[in-house]
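Hi,

Here is the structure I said I would pass on. Have a look at it first, and my notes follow underneath.

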Amino acid sequence: MIDSVLAILSAVMLGLGGFFMVSGAIGLLRFPDFYSRMHAASMTDTLGSYLVVGGLMLTAGWGLPLFKLALILVFIFFTSPTAGHALAKSAQHCDLRLPGGGASTKKADNEISGSAQGPDSRDVVSADRV
Amino acid sequence: MKTDNRGRADRADAHYSLYLVVVLSVIWLGNSGHYSPLLLTFGVVSVALVVWIGRRMQVVDGESQPFHLSLRLLAYYGWLLRKIVESNIKVAACAWKGPRAISPVSGRVPCRLESDLSRVIYANSITLTPGTVTVSLDDGEVLVHALTESGLAELREGEMEGRVARLEQP
Amino acid sequence: MIIATAIALLVVMVLALVRALLGPTIHDRILAVNVFGTKTVLLISVICFISGRPEFLDIALVYALINFVSIIGVLKYFEYQGRDEREGMQ
């Protein structure tokens with residue numbers, strides 16, 4: 001009884017996870033500028049990954065594989081925002097100071113004045129620690 | 001995190017080192033799966049080495065292991081998970097509708113949090129919810145890029161900030 | 001359903017590769033490679049359950065670590081060199 005409920009639940013989670021990841025990849029291809037693509041990519045990294053790993057955890061049963069999957073989940077949970085923030089910050093310092101074109105140009109002056117504070121890598125380092 | 005009071009700082013140091021030893025040992029035991037004396041010795045040596053290096057780097061403190069917040073952090077992450085699900089559904093809808101459904105904006109959101117830890121948790125949570133990304137974290141404000149106007153407006157309302165602020169209240 | 005997830009992961013990886021090839025900027029490529037890396041971690045875990053060999057999870061874990069560190073390392077490199085390199089890279 002419990003087994004079949006778990007199997008159905010894990011199938012649903014795996015299917016939903018696959019759906020969210022494919023939508024993220026579609027967004028990665030379709031969105032017009034770098035920062036929008038980053039939102040699509042963060043979708044595959046958050047809910048897509050959680051659902052897939054969670055679905056696998058439900059089928060794993062008690063034991064070491066469950067622990068390792070949980071470790072992978074925790075690791076993805078903590079590193080994906082750090083990598084995303086590092087990517088955005090690095091893009092800000094290099095050539096993509098603004099999301100080029102599109103609706104965001106009206107904020108252009110605001111952003112340039114904001115990003116002119118020089119490179120500062122401390123934020124990336126401290127984001128690592130949480 | 002370095003306080004003037006040396007004695008208290010030392011005790012807190014020992015506390016956090018102990019936490020680190022426990023966490024690292026659990027990771028070693030969980031990942032190894034072999035419990036022969038030789039491998040357990042290797043485990044003890046590695047844990048000791050990592051704790052020694054960590055203390056030398058002065059990263060063994062309440063910032064790297066916020067255990068004093070653990071219960072509240074769990075509740076907070078539960079709430080955050082619900083936000084993540086909601087914003088995932090929004091962004092997925094945008095992805096299928098195509099580029100016309102989105103209106104990327106960026107702007108500065110004021111951040112009145114005081115300690116480094118809560119500011120990093122706040123910035124991390126913003127990045128973790130799809131649809132908003134922290135681009136930089138300065139004194140008193142965060143530069144956020146959002147996929148739609150509503151995402152930025154929601155951050156400006158300050159519900160997430162309020163919850164992060166309540167994490168560290170006594 | 002687990003096979004369907006593996007296929008979905010492969011599709012996502014192909015789409016990420018397309019984005020990595022299309023560019024247009026170096027950061028788009030890094031983003032695509034990051035997505036590719038995390039999907040590799042998931043694919044290894046899924047394959048480990050399809051083939052019933054739990055040892056593969058160790059590989060997935062190590063791959064997650066390497067992926068994260070390499071992305072941060074590449075970004076550190078381009079954070080300060082991007083201005084000089086971008087004419088050559090695009």
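Chain B and chain A bury about 4100 Å² between them, with carbon and sulfur atoms giving 67% of that area. B:Trp96, B:Leu128 and B:Val135 together supply 14% of what chain B buries against chain A, more than any other three residues do. Bear in mind that this is a predicted model.

In terms of residues, 50 from chain B are in contact with 47 from chain A. As for specific polar links, I get 0 salt bridges between the two chains, and 6 residue pairs in polar contact, both partners being at pLDDT 80 or more.

Which elements of chain B make up the side that touches chain A? Three helices and three strands each supply at least two residues: H1 (6–32), H3 (70–97) and H4 (116–128), plus S1 (105–110), S2 (132–138) and S3 (141–146). H3(B) has the largest share of that side, with 12 residues. Sorted by class, the side of chain B touching chain A comes out as 30 nonpolar, 15 polar and 5 charged residues.

One of those strands is worth a look while you have the model open. S1(B) is mostly covered, with 5 of its 6 residues buried. S1(B) runs antiparallel to S3(B), and 6 bridges join the two strands. If you want a place to start on that pairing, B:Ser106 sits opposite B:His145 of S3(B).

Cheers

How values were computed
Residues numbered from 1 in each chain as written. Chains lettered and ligands numbered in written order. Predicted model: local features only at pLDDT ≥ 70, side-chain atom pairs only at ≥ 80, totals over all residues. Heavy atoms only, no water. Contact = heavy atoms within 4.5 Å. Buried area = accessible area lost by both parts, 1.4 Å probe. Salt bridge = Lys/Arg side-chain N within 4 Å of Asp/Glu carboxyl O. Polar contact = N/O pair within 3.5 Å; in protein donor to acceptor, adjacent residues only side chain to side chain. Helix = DSSP H or I, 4+ residues; strand = E, 2+ residues; numbered from the N terminus. Nonpolar A, V, L, I, M, F, W, Y, C, P; charged D, E, K, R; others polar. Buried < 20%, exposed > 50% of the residue type's maximum accessible area, 1.4 Å probe, protein only. Pairing = 2+ DSSP bridges.
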